[in-house]
Amino acid sequence: MTAEAHQDRVKMYDAQFAADPAGVYEMLRSRYGDYAPVELVPGVSATLVLGYDAALEVLRDPVTFPKDPRRWQQTVPPDCPALPIMGYRPNVLYTDGDTHARFRKAIVDAFGRVDAVALRAYVEQSADVLIDGFAADGEADLCARYSGRLPILVFNRIFGSPPDIADRIMQAIIGIAELVDVENASAMLTRGVEDLISLKRAAPGADVISWMIEHPARLTDEELTDQISLLVGKGIAPIHNLIANALSLLLSDGRFGGDLSGGSLPVEDALDEVLWTDPPIVNFGFTYPVRNVERAGYVMPADQPVAIAYKAVNTDPSKNTGQRVGNRAHLAFSAGAHTCPAKNPARLIASIAIEKLLDRLPDLDLAVSADKLQWRPGPFHRALASLPVRFAPAAVLIPTLVPAPRFSAPPPPTPQQFHAESGDSSLWSRLTSWWSV
Ligand code: HEM
């Protein structure tokens, strides 16, 4: 099959894909088979891999399917809207071979030193602080007040960020995620990460950043900044979406919602199911074949992007055994040399966050019917726009507030803008109270 022009391709960034990704994948599969031509981002064509076995073949053959995007990049204009996401950075995601292995080892080894008991404590403390912010209200948007904030708090702890740097990094990430002045937010993120590295070089601690600095891979400051910015930038949103997607399933699907307060919470089952059917990252894993590669009559053009449709791959009808609970053969965390290095902590964080929420608010219920939930458009994620819930007002656990929050970051955007959505300006005061614990 020959490549189609952009205008004839199915668009992966429009409202139709956000509303019904399964329907779009089904249509692509019936029209094209395991490899489909799509318009991934306005003006950017790509091949989408839809078959489970086909995806594994691509992910496990880094010689034919390398990750470095620079050959493709030479073929697109400098203002191509995909570049902020797909453009080359000297980090673990966009490199191959020895360079990739060196970056990856520093990350994997540093995360490997995070103590699971300490991680559980970080997540539970962060969850309590956030839940306290809305427990008395009887209603909340869990995306804005909980799942979107919790991974940021946990990251700040495992990175050992002091409150002022943590504030800046958090503001930057929210700015990038919510597309508020992205250029400034990105610069703020880089500055925050650079300051954190300088601080940890001068005064190392028992945290991931210090462990990456002291790793035998001996990453330079620039290399550290690139890896840490990637960890922060790419690690937080998928945890947010995993928590929110699993919660929406738990609260809406009779198979899981039987008895949330009965002590046998089916949280792990819901996480398994969501990782198969609604994984946080739906299309990603870009690679750029070194030559034209023909499979099943379809040609993946040399140097042009091939993306793995993780959600479609996981629901490949030729592979569907029907048994998802307890089955972790899904590709939600990818596979091969670039498989997610943080899949275990990511899943653990999501699991503890959900358990804690259901524990504190046992009668949690969706405030709208599940079919009214809105999904955020975008070709890469499966992300709820909001998750409105109601519950019987519950006790606040940490009633004592410490003095006003410290925001040291320069404008714009202001903390008030970021907190406007949740109205939770006391959050940071609370955090500073346990940061030093
Ligand atoms: C539910 C949460 C998560 C999901 C579903 C997820 C999924 C993925 C996927 C699909 C990839 C492959 C991307 C590709 O091939 O281009 C990946 C890679 C990666 N993920 Fe995650 N991820 C999650 C959480 C995290 C977290 C918390 C971190 C960081 C702390 C992280 C760091 C990375 C990194 C650094 C890579 C690149 C690895 C490499 O290229 O060798 N991820 N992740």
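Here are three short exercises with worked solutions on this predicted model.

**Exercise 1.** Work out which strands stand at the edges of the five-stranded open sheet.

*Solution.* Start with the strand order, S1-S2-S3-S8-S5, where the pairing is mixed. Strand S1 (10-11) and strand S5 (283-287) each have a single partner strand, so these two are the edges, and one side of each has no neighbour in the sheet. Next, look at how S5 is held: S5 and S8 (residues 306-309) run antiparallel and share three bridges. One to find on screen is Phe-284, whose bridge partner in S8 is Ile-308. Then add helix H2 (residues 21-32), which packs on the sheet and touches S1, S2, S3, S5 and S8. The direction of H2 makes about 135 degrees with that of S2.

**Exercise 2.** Find what the salt bridge between Arg-328 and Asp-272 ties together.

*Solution.* First check the distance: the closest N and O atoms of Arg-328 and Asp-272 are 3.0 Å apart. Now place the two residues. Arg-328 is in the loop between helix H15 (310-314) and helix H16 (343-360), while Asp-272 is in helix H14 (residues 267-277), so the bridge ties together parts 56 residues apart in sequence. Last, the surroundings: Asp-272 is buried, at 1% relative accessible area.

**Exercise 3.** Decide whether Lys-311 is buried or exposed, and do likewise for its partner Asp-278.

*Solution.* The two side chains meet in a salt bridge, 3.1 Å from N to O. Lys-311 sits in helix H15 and Asp-278 in the loop between H14 and S5, 33 residues apart. Buried means under 20% relative accessible area. Lys-311 has 7%, so Lys-311 is buried; Asp-278, with 16%, is buried too.

Notes: Residues are numbered from 1 along each chain as its sequence is written. This is a predicted model: local features need pLDDT of at least 70, side-chain atom pairs count only at pLDDT 80 or more; totals for chains, interfaces and linings use all residues. Side-chain values use heavy atoms; hydrogens and water are left out. Two strands pair if DSSP finds at least two bridges between them. Helices (H or I, at least four residues) and strands (E, at least two) are DSSP runs, numbered from the N terminus. Contact means heavy atoms within 4.5 Å. Axes are lines fitted to C-alpha atoms, for helices over the stretch in contact, and angles run from 0 to 180 degrees between N-to-C directions. A salt bridge is a side-chain nitrogen of Lys or Arg within 4 Å of a carboxyl oxygen of Asp or Glu. Buried means under 20% relative accessible area, exposed over 50%, partly exposed in between (1.4 Å probe, protein chains only).
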